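Open the model in your viewer and keep the sequence panel at hand. The stops below give selections to make and what to look for at each.

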Amino acid sequence: MSRQMSCGGVHQTLLILLILVSCTIAQNYTGGDDGLLSVCALSSDQSATIVTTEVNYENIFLMTTSISNLEYNLRFANPDDQLFKSTATAFENEIVSQLSPLIQKPPPSSGTVLLDASVILMSPTPIGQSTGTTLECILSTNDDLMTESFLSSRLRTVAITSSVYPGFVSSLSNSVSYCLREVIMTHFGTLTWPVTLVETDTGTEELCPVGTKYVGERSLGRRSCSRSPVPPGHAQWEPYICLDCGKIIQVDDSLLAIYNEILQNGSIVLDGVDRAGILLNEVEDITESGMDSVAFILEYVAELNVISTQLLDAVLRLLSNLLQQDAEIFRLAEKQSSSSTRIVQSLRTILVNTALAGSAVEYVSVHQNIAASLLDIQQPQIQDEWISFGSVVGPIVDAPLTEGSIGLFTGRTLLLLPNSEAYVHIKVEGPVITDSTNVRTMFVIYHNGKLFQSVNADVTTTTATSTINGRVVTADIRATQSPQVTVITRFKPLDPQVTNVGCRSWDQSLNNGHGDWSGLTCMLNSTETIDRVKCHCDQLAAFTIFADSDDSGTAGAKGVSVIVRVGAVICIICLLAAAILFLIFKEFRSRRELQILCCLFLTLAAFYLILAVGIDQSGAGCIIVGSLLHYCLLAAVEWMGIAWVHLYDLSRRKPWVITWFMVKVSGVVWGFPFLFVIITVAVNPNHYITPTQRCFLSSDPIYNLILTVILPILAMLIAMGVAFGFTARNVILDDEAKPNIEEEEEEGAKAASKFWKLWKLYIFYSTAIVVIILTLVFFIIMVNSSSNGAEYIFGLLAIVKGILIIVIFCIYHRGVRDTLKIKLGYINGPDSTKFQPYWSASKWKSGQGVLPENDVEEEDNNTKKLYLDNTQASGTLTNQRFKPNSVPLSSMEMQRMGQNGVSSHVNGGMVVEADFHTPPDADASV
């Protein structure tokens, strides 16, 4: 018996302990069946962090200051506001900088008295005193002997001398009568205790959360501020207690409770709709019952005779938050209680009954997941104009609706926006029978189609691959009977990689009144571009597009063929080879023509490198790649234009003299493309994502390409054509050979004309430009379409362009070719029969043939001048130990060569070869 009682006592004890533990745990919850752990209950956890107002030194005072020239701002009430922080910092710095020198101890005392100031509170100056702001500030010093009277006298001096806060009035107390602000941070949230006057209590700034009985009404905790019994009696916080936020209410129960409150008191309908919207924005576990409650709320609103735009906006906000819920809940709720149908029908009635303020005839309200518009238009006018409503493409794929993306406009002609995402255009073909002189048109765009789902499980199963692939747009007219209308819809598919795209309209009569999408009243316009779906419909309804998923297993939408990258790599190798060649040799680096070509080749190489690496990036990376490709492309075209201008300069009788030519030109060439890119990014960075999700300027809208690519390139081509015309004119009108133009070898008795000499250069440049422009055209086609043909053509053109540049500018270009031969020793060698001039300490003697004669007068001069000599019989070193084929000639000596019958081919000061001619007055010959 005793053993049984002992066991029974143990059981009773365990039961009591379990109850106590349960009660203790229950105190940490705000209530409810599931139990939501309160932030206040977790604030004593070891992981919690307490942040208090920082006071640097132990000897502290409270300074109350009234500043007349500081106007109070409502933002001063929030210590976290940037205006509060900046104003407090300015005052603290002024006080510390002005007061610190006045409180230092005189010699022989050693040590520095440190001072710190912290503003804890700002309030308007009490009525009856001077206007301005009153600041409560904590002064702290490291000097324990500092007294209140001493600091007060020094503060009066500061008030007199301060230029920032002249004449401020302050009082000082050695007892701080405020509990300082304290923030307790936990993993579940924060508790913020504001600055509180001593002998009062306060609640947390945080209120009860959504889902509790006292949501937004009670603080999470309460706390008292008392005075410390230890002198000087500073204020101190007492332990806090957590408040009961009431029983946790399920979301569905909360929505039903809001509906019941509206039924009992219709005057709170706006508040009730707002509260329901806030609740739906905070939770994601709504069920079919909650959907039914939302439908009840909207049906109540729809029964009101007059609805304000403020209430309509609250309704749309509620629906926007509702559309964040799981799509399956909408389908189940529709099947159970026709919730979606009731919501859509109630919204139509609400739009009909909404009264626009004053004389307004137009209203637009935009939220993340829904936007609506009302337009009251006069009876005769509605038959003459198209009415258009919808959204344009956002900055990112599947972006939420924004005010900037929604448009409503009318016009006598149909205007199809090139960057439209989902638009409906309606035109009434006959009279509208209505009870008013104005006809109300109503439009709604839904970010998704959750309210428009088929409840037929079999249909859903059989058409699982065919889904909504666009926004949902509705159009309606308030009339006693449906008018005859023409409807045109235009959609951008959300996923461009789809097949079998079709137009759909919502038919409420299907599925026993639950509604379903139908393709009977809308027809696809096959003439529309591949990235826009245009439909013609014959009745007002909700519209969208359907499409089948692309399960063909092909490469990703953004990927490019191997030929594109292979062509880009080959072209990069050729371009870099040419550029490196021009940079290695000094003779090339000093020639302006080759400097320009080098910049062109490096720019094109950067373009192809970026293309090969990043053409199929996504998101922000794609925008960066697209902008860099745009920049390099425009810069390359400008370098081509500079090259043509240089050719024109060569044809002039007196070339331009421009110092620092390449530096000045580079500023223009690199600056203008940057301007175009910055403007494009500022307008819409998504313009650098094409319809095929590749990275370059999109053809949607087409003005992207026209304004930022086509027009600049056309302008540069026109400039090149003008330069060509002027150059041809100069060549034809000028018969004299220009020293800067490369001479052509005489072939038989026919000497090439100057026009033919330059014409060869024009052939080179024209061929390069044609290939570059063709490559650009197919590049734009490739990135804006899914055509494999464009990819193959672009890749082959890239290969051709790389090889062509090597052939034209490195092999067939005479200046480059001959200089390379000199470097490789293939010309001016021992077997050469050409006259080979070099430097010597001899002079040319006019009238005595070409053989030089030593100048005796200069032999004793240690700094002999070197003159052109022809005593070189072969390719060996001269008597001055110079290599004649590597010594540059000055402009003076080149002129002297011409005067003495030497016709030279000069490449940047280097004698390439020189043909012997007898001087004009000489009888001797060689």
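## Two helix pairs, three loops and a strand

Select residues 592-614, helix α14, together with residues 788-812, helix α19: in this predicted model the two pack at an angle of about 155°, with their axes 13 Å apart. Angles over 145 degrees count as roughly antiparallel, and α14 and α19 are therefore roughly antiparallel to each other. The crossing of α14 past α19 is left-handed. To see the contact itself, show side chains for L597, F601, L604, Y608 and L611 on α14, and for F794, A798, K801, I805 and F809 on α19. Colouring by class gives nine nonpolar residues, no polar ones and one charged residue in the contact of α14 with α19.

Next, move to the second pair. Select helix α6, residues 269-282, and helix α7, residues 288-302. Their axes come within 11 Å and cross at roughly 150°. That value makes α6 roughly antiparallel to α7. α6 passes α7 in a left-handed crossing. On the α6 side, the residues to display are V269, V273, A276 and L280; on the α7 side they are V294, I297, Y300 and V301. Which classes make up the contact of α6 with α7? It has eight nonpolar residues, with no polar and no charged ones.

Now zoom out to the whole chain. It holds 21 helices and 33 strands. Of its 926 residues, 48% count as buried. With a colouring by accessibility, the accessible surface comes to about 45,900 Å², and carbon and sulfur atoms own 57% of that. If you draw a contact map and keep separations of 6 or more, residues 24 or more positions apart account for 72% of the contacts.

The next stops concern the backbone. Most residues other than glycine have a negative phi, and most peptide bonds are trans.

Select P231 and P232. The peptide bond that joins P231 and P232 is cis, with omega at about 5°. P232 belongs to the loop between β11 (221-227) and β12 (235-237), so select residues 221-237 to show that loop with both flanking strands.

Then go to N511 and N512. Where in the chain is N511? N511 sits in the loop between β23 (498-507) and β24 (516-518), and N512 is also placed in the loop between β23 and β24. Check the backbone torsions here: N511 is not a glycine, yet has a positive phi of about 55°. Phi of N512 is near 55°, again positive in a residue other than glycine. Is N512 buried or exposed? Its relative accessible area is 82%, and N512 is exposed, because over 50% counts as exposed.

The last stop is T486, in strand β22, residues 485-491. At 26% relative accessibility, T486 counts as partly exposed. Show its surroundings, leaving out neighbours within four places in sequence: T486 is in contact with W386, H425, I426, K427, E429 and C537. How far is T486 from C537 in sequence and in space? The two are 51 residues apart in sequence, and their C-alpha atoms are 6.6 Å apart. Put a distance label between these C-alpha atoms to finish the tour.

Methods: Residues numbered from 1 in each chain as written. Predicted model: local features only at pLDDT ≥ 70, side-chain atom pairs only at ≥ 80, totals over all residues. Heavy atoms only, no water. Helix = DSSP H or I, 4+ residues; strand = E, 2+ residues; numbered from the N terminus. Buried < 20%, exposed > 50% of the residue type's maximum accessible area, 1.4 Å probe, protein only. Contact = heavy atoms within 4.5 Å. Areas by Shrake-Rupley, 256 points an atom, 1.4 Å probe, with all protein chains shown as cover. Axes fitted to C-alpha atoms, helices over the stretch in contact; angles between N-to-C directions. Parallel < 35°, antiparallel > 145°, perpendicular 65-115°, else oblique. Left-handed = near helix turned anticlockwise from the far one by under 90°. Nonpolar A, V, L, I, M, F, W, Y, C, P; charged D, E, K, R; others polar.
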